[in-house]
Amino acid sequence: HVTKKAEQKAQQTGKLDALVDPSGGGLYGPIRRSLPRFEQVGGNFRLTVGCPLPIETRVDTTGSMGNNVDIALRVLPDMYELCVQVAHGCDLQIATGIFGDIQDTFVLCRPQFEMEAGKIVRQLSLMVPKRAGGDIPEDPHYGLFAGAYLTAAYINKIGLKGYDFTVSDAPARERLDEQQLYRIFGNNVFECVAEIHPQMQRARMLRTASVVQDLLQRAHAFFLQVGQDSDTHSFWSEMFGEERVVMLPSTELLPYVQAVI
């Protein structure tokens, strides 16, 4: 497995690497930022690499996904190269993570937004997938929460949207557990949300349907369904709208589908 060393280290320490810890591991905090990169040219600072375009992906790594877990981890680096070809004039900033179940030691791995392929691949190698455990429903809604409320993206400040993809073969729960939010993101999670969304009501953030709707306000968000399960399709069609649920025959095709979208 590409994540073998990270899994062994996490087993020994009981912790994720700070780069992929959704709480920031005491170093970065739970907010992920996508910012413009300026370079000094002739005494001025210029945006030479284009507008930042954040793309976040969270992949289901529970038991029912089978070998799709390692396939996804293997092909996800290709997404950067493919998207560069279609996102002309943009500064691609990629955050690719994974999620499991709330009974797992690590429910979510969420990296920083990165602009270099080498750093993106390194972050993938730091993930700690469970590869087993309970399967229906899953718990991607904590990753969706982070995408909706713990993302500070420059592109939103100029009235545009980034992209957000959830990859799974199962439905989610309809509500989030407040204690799990503290466990995953740290005790200051709601203070961090208030930094970006000062008027957001806590009760709204605990309903999966509301989280998805708020995510759609800041990102072109899609659910990429692995397999043909009708209950899964029905659940996510209700959450995202049927036009945002895309069937994914194999995670081998994941980077191609993302680039086309």
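**Exercise 1. Find which helix residue pairs with Arg202, and say how exposed both partners are.**

Step 1. Arg202 forms a salt bridge with Glu178, with the closest N and O atoms 2.9 Å apart. The model is a predicted one.

Step 2. Place the partners. Arg202 sits in the loop between α7 (189–196) and α8, while Glu178 belongs to helix α6 (residues 178–185), so the pair ties together parts that are 24 residues apart in sequence.

Step 3. Check the cover. Arg202 has 38% relative accessibility and counts as partly exposed. Glu178 has 24% and also counts as partly exposed.

**Exercise 2. Locate the salt bridge between Asp214 and Arg204, and assign each partner to its element.**

Step 1. The two side chains meet at 2.9 Å, N to O.

Step 2. Asp214 is in helix α8 and Arg204 in the loop between α7 and α8, so this pair links parts that are 10 residues apart in sequence.

Step 3. Compare with the cut-off: buried means under 20% relative accessible area. Asp214, at 13%, counts as buried. Arg204, at 28%, counts as partly exposed.

**Exercise 3. Work out how far helix α8 is covered, and by what.**

Step 1. Helix α8 spans residues 208–218, and eight of its 11 residues are buried.

Step 2. List the buried ones: Thr208, Ser210, Val211, Val212, Asp214, Leu215, Leu216 and Arg218.

Step 3. Find their packing partners. These buried residues pack against the helices α4 (141–149), α5 (154–157) and α9 (230–240), and against the strands β7 (151–153), β8 and β9.

**Exercise 4. Lay out the six-stranded sheet and trace the pairing of β8.**

Step 1. The sheet is open, its pairing is mixed, and its strand order is β6-β5-β4-β8-β9-β10.

Step 2. Mark the edges. They are β6 (108–109) and β10 (245–248), each of which pairs on one side only.

Step 3. Take one side of β8. Strand β4 (residues 51–60) runs parallel to β8 (residues 162–168), and five bridges join them. Ile55 has Tyr163 as its bridge partner in β8. Glu56 stands opposite Asp164.

Step 4. Take the β9 side. Seven bridges join β8 to β9 (residues 219–226), again parallel. Here Gly162 has Ala219 as its bridge partner.

Step 5. Check the cover of β8. Six of its seven residues are buried.

**Exercise 5. Count the salt bridges in the whole structure, then identify the network that contains Asp164.**

Step 1. The search of the whole structure finds nine salt bridges.

Step 2. One of them joins Arg58 to Asp164, with the closest N and O atoms 2.7 Å apart. Arg58 lies in strand β4 and Asp164 in strand β8, so the pair ties together parts that are 106 residues apart in sequence. Both Arg58 and Asp164 are buried.

Step 3. Salt bridges in the structure include Arg202 with Glu178 and Asp214 with Arg204. For the latter, Arg204 is partly exposed at 28% relative accessibility.

Step 4. Follow the shared partners. Glu56, Arg58, Arg110 and Asp164 are joined into one network.

**Exercise 6. Decide how many disulfides the structure holds, and give the sulfur distances for Cys51 and Cys83.**

Step 1. The cut-off for a pair of cysteine sulfur atoms is within 2.5 Å.

Step 2. The structure holds zero disulfides. For Cys51, the nearest cysteine sulfur is that of Cys90, 6.2 Å away. For Cys83, the nearest is also that of Cys90, at 11 Å.

Step 3. Note the setting of Cys83: this residue is buried, with a relative accessible area of 6%.

**Exercise 7. Are Ser34 and Thr3 buried or exposed, and what do they contact?**

Step 1. Ser34 is in strand β1 (residues 32–34). At 1% relative accessibility, Ser34 counts as buried.

Step 2. Leaving aside neighbours within four places in sequence, Ser34 contacts Pro52, Pro54, Gln93, Phe113, Ala152, Ala153 and Tyr154. The C-alpha atoms of Ser34 and Thr151 are separated by 7.8 Å, although their positions lie 117 residues apart along the chain.

Step 3. Thr3 lies in the segment before α1 (4–13). Thr3 is buried, with a relative accessible area of 0%.

Step 4. With the same neighbours left aside, the contacts of Thr3 are Leu73, Leu124, Ser125, Met127, Pro129 and Arg131.

**Exercise 8. Find the residues of the nonpolar surface patch that includes Phe45.**

Step 1. Phe38, Phe45 and Leu47 form the patch, with about 330 Å² of accessible area together.

Step 2. Phe45 lies in strand β3 (residues 44–46). At 59% relative accessibility, Phe45 counts as exposed.

Notes:
Residues are numbered from 1 along each chain as its sequence is written. This is a predicted model: local features need pLDDT of at least 70, side-chain atom pairs count only at pLDDT 80 or more; totals for chains, interfaces and linings use all residues. Side-chain values use heavy atoms; hydrogens and water are left out. Patches are made of residues with over 30% relative accessible area and no salt bridge: like charges are joined within 9 Å, nonpolar side chains (Val, Leu, Ile, Met, Phe, Trp, Tyr) within 5 Å. Accessible areas come from the Shrake-Rupley method with a 1.4 Å probe; for residues, only the protein chains shown count as cover. A salt bridge is a side-chain nitrogen of Lys or Arg within 4 Å of a carboxyl oxygen of Asp or Glu. Helices (H or I, at least four residues) and strands (E, at least two) are DSSP runs, numbered from the N terminus. Buried means under 20% relative accessible area, exposed over 50%, partly exposed in between (1.4 Å probe, protein chains only). Contact means heavy atoms within 4.5 Å. Two strands pair if DSSP finds at least two bridges between them.
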